[in-house]
2 protein chains.
Amino acid sequence: MSQDVSRPSLSDALTERLLDLIRSGGLRPGDRLPSARELSQRFAVTTPTLREALRRLEATGAVRMRHGSGIYVGSDLERVVIPNPNVGRLKGDQLRQLLDARMLIEPPLAALAARRADPVDLARLRAVLEAAGTYLDGRDAELHEANMAFHRAAARAAGNAVLDEVVDSLLSVHSSEQREILRIFDDRVRDYDEHQAILGAIEKGDEAAAEEMMRTHLADVKCVVEERLG
Amino acid sequence: MSQDVSRPSLSDALTERLLDLIRSGGLRPGDRLPSARELSQRFAVTTPTLREALRRLEATGAVRMRHGSGIYVGSDLERVVIPNPNVGRLKGDQLRQLLDARMLIEPPLAALAARRADPVDLARLRAVLEAAGTYLDGRDAELHEANMAFHRAAARAAGNAVLDEVVDSLLSVHSSEQREILRIFDDRVRDYDEHQAILGAIEKGDEAAAEEMMRTHLADVKCVVEERLG
């Protein structure tokens with residue numbers, strides 16, 4: 001029966017016990033867990049069983065393992081929603097629906113950002129756009145990252161962590177497809193200008209303008225993607 | 001070095017190869033994978049390594065293992081967004097933000113449902129509410145499941161799979177908290193009546209009414225939760 005990988009697993013219970021250890025110990029993302037040797041001893045399990053439980057937690061962002069360094073609490077531990085780490089290349093329809101999802105969620109978040117952004121949020125948005133400005137000379141990979149960071153920072157400024165996670169998940173998943181499409185078809189300067197205009201509306205606290213500009217901007221992105229999917 | 005659980009793992013590569021096997025084989029959720037024995041042989045890996053990779057894929061819904069039966073493609077394989085399987089008890093603020101997230105997403109989806117729901121969607125919504133009606137006599141666990149199923153069915157009727165996944169993730173995660181809160185504080189009949197009214201608006205194709213009723217309904221739910229957290 002050693003081949004029966006589906007038997008109810010010690011690692012199921014161990015996963016729960018590791019999560020309890022993190023929570024009851026008040027450990028936060030970035031904090032270090034006891035070593036693998038200590039964990040094996042504490043829970044009286046073999047290394048393969050421990051590995052199984054840790055890999056499971058790693059796959060969902062609850063822990064992070066660094067070769068030669070140790071085991072740390074992951075940044076996604078307390079998230080409500082996470083991107084699917086197994087997602088493959090998105091089909092055309094999925095990409096369209098993903099952009100429609102962004103068009104439903106991000107414009108009202110831009111309005112909330114205009115209402116609630118604090119100085120730290122505004123500084124973050126400005127820094128991200130400033131970086132983007134320096135990449136317009138053709139450093140497309142960096143520009144793409146900076147553009148995605150702008151959308152993340154705008155969502156974050158709205159002050160709802162759950163919606164922030166949703167937007168982050170949507171951006172993470174379609175990043176590679178979008179990068180490729182935008183590399184071929186996008187108007188980099190127009191994107192940059194639209195981001196600047198959105199930031200301007202958020203800075204002025206103009207909720208209606210921020211929402212409308214974000215909507216128009218994402219509609220432009222969708223046009224580019226539709227053109228490509230043709 | 002056998003204690004070094006963090007070394008770059010064979011199971012990382014194996015996870016990718018298993019996903020490739022599923023995708024290139026055109027396997028769909030529910031389809032059966034080769035047996036563990038065959039997989040171990042095909043990829044020339046030991047059972048612990050295979051287990052590690054499979055548990056990882058299982059944690060994120062890409063495969064499902066049934067004791068004594070085999071390994072199947074999981075229903076979440078192609079999702080963009082998944083609920084965090086490690087999420088603990090939600091804190092009060094998380095619960096508030098989660099309800100705010102639902103209030104931002106579900107009302108426009110109800111409007112879309114009113115515009116686009118097909119006969120299958122409508123039949124599903126009616127069946128779910130009919131079931132809920134039979135649980136009003138005090139079967140609270142069943143009633144709660146039926147109520148969540150109504151929200152899922154309404155999101156699904158909007159026709160955007162990505163937003164459907166987002167709503168499903170939000171409902172999955174706070175289900176236990178919400179169940180407890182509603183058990184103590186909720187007005188079951190009012191909830192049921194509000195769901196009926198939303199369905200009525202969707203059936204009539206009245207987008208504005210469906211959106212507004214869903215918003216009012218979720219605001220009522222939030223009031224109940226606030227009262228409890230208060």
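Reader: How many of the residues of chain A, in percent, count as buried, and what makes a residue buried?

Author: Of the 230 residues in chain A, 53% count as buried. The word buried stands for a relative accessible area under 20%, exposed for one over 50%, and partly exposed for what is in between (1.4 Å probe, protein chains only). The model is predicted: local features need pLDDT of at least 70, side-chain atom pairs count only at pLDDT 80 or more, and totals for chains, interfaces and linings use all residues, while side-chain values use heavy atoms and leave out hydrogens and water. Residues are numbered from 1 along each chain as its sequence is written, and chains are lettered from A and ligands numbered from 1 in the order in which they are written.

Reader: What makes up the secondary structure of chain A?

Author: Chain A has ten helices and three strands. Both are DSSP runs numbered from the N terminus: a helix is H or I with at least four residues, a strand E with at least two. Along the sequence the order is α-α-α-β-β-β-α-α-α-α-α-α-α.

Reader: How do you know how chains A and B are related?

Author: A turn of 180° and a shift of 0.0 Å along the axis lay chain B on chain A with an RMSD of 0.0 Å. The two copies are therefore related as by a two-fold rotation axis. The same surface serves both, since 100% of the contact residues of chain B recur in chain A. Contact means heavy atoms within 4.5 Å, and the superposition is by least squares on the C-alpha atoms of residues with pLDDT of at least 70 in both copies.

Reader: Why is B:Ser169 called buried, partly exposed or exposed?

Author: B:Ser169 has 0% relative accessibility, so B:Ser169 counts as buried. B:Ser169 is found in helix H7 (residues 161–173) of chain B. Setting aside neighbours within four places in sequence, B:Ser169 is in contact with A:Val81, B:Arg79, B:Val81, B:Ile82 and B:Pro83.

Reader: Which atom does the side chain of B:Ser169 reach, and what makes a pair a polar contact?

Author: The side chain of B:Ser169 reaches the backbone oxygen of B:Glu165 at 2.8 Å. A polar contact is a pair of N or O atoms within 3.5 Å; within protein, one must be able to donate a hydrogen and the other to accept it, and residues adjacent in sequence count only if both atoms are side-chain atoms.

Reader: Why is A:Leu136 classed as buried, partly exposed or exposed?

Author: A:Leu136 is at 27% relative accessibility, so A:Leu136 counts as partly exposed. The residue is in the loop between helix H5 (119–134) and H6 of chain A. Without neighbours up to four places away in sequence, the contacts of A:Leu136 are A:Leu143, A:Arg188 and A:Tyr192.

Reader: Where is B:Leu27, and how is B:Leu27 classed?

Author: B:Leu27 lies in the loop between helix H1 (10–24) and helix H2 (36–43) of chain B. With a relative accessible area of 22%, B:Leu27 is partly exposed. Residues up to four places away in sequence not counted, B:Leu27 touches B:Ile22, B:Arg32, B:Leu33 and B:Val73.

Reader: How many charged residues are in the lining of the largest pocket?

Author: The lining has twelve charged, five nonpolar and three polar residues. Asp, Glu, Lys and Arg count as charged, Ala, Val, Leu, Ile, Met, Phe, Trp, Tyr, Cys and Pro as nonpolar, and the others, Gly among them, as polar. Helix H6 (140–157) and helix H7 (161–173) of chain A, with helix H4 (92–116) of chain B, each supply at least two lining residues of the largest pocket. A pocket is an open set of points on a 1 Å grid over the protein atoms alone, where a 1.4 Å probe fits, with protein on both sides within 12 Å along at least five of seven lines; lining residues have an atom within 4 Å of a point.
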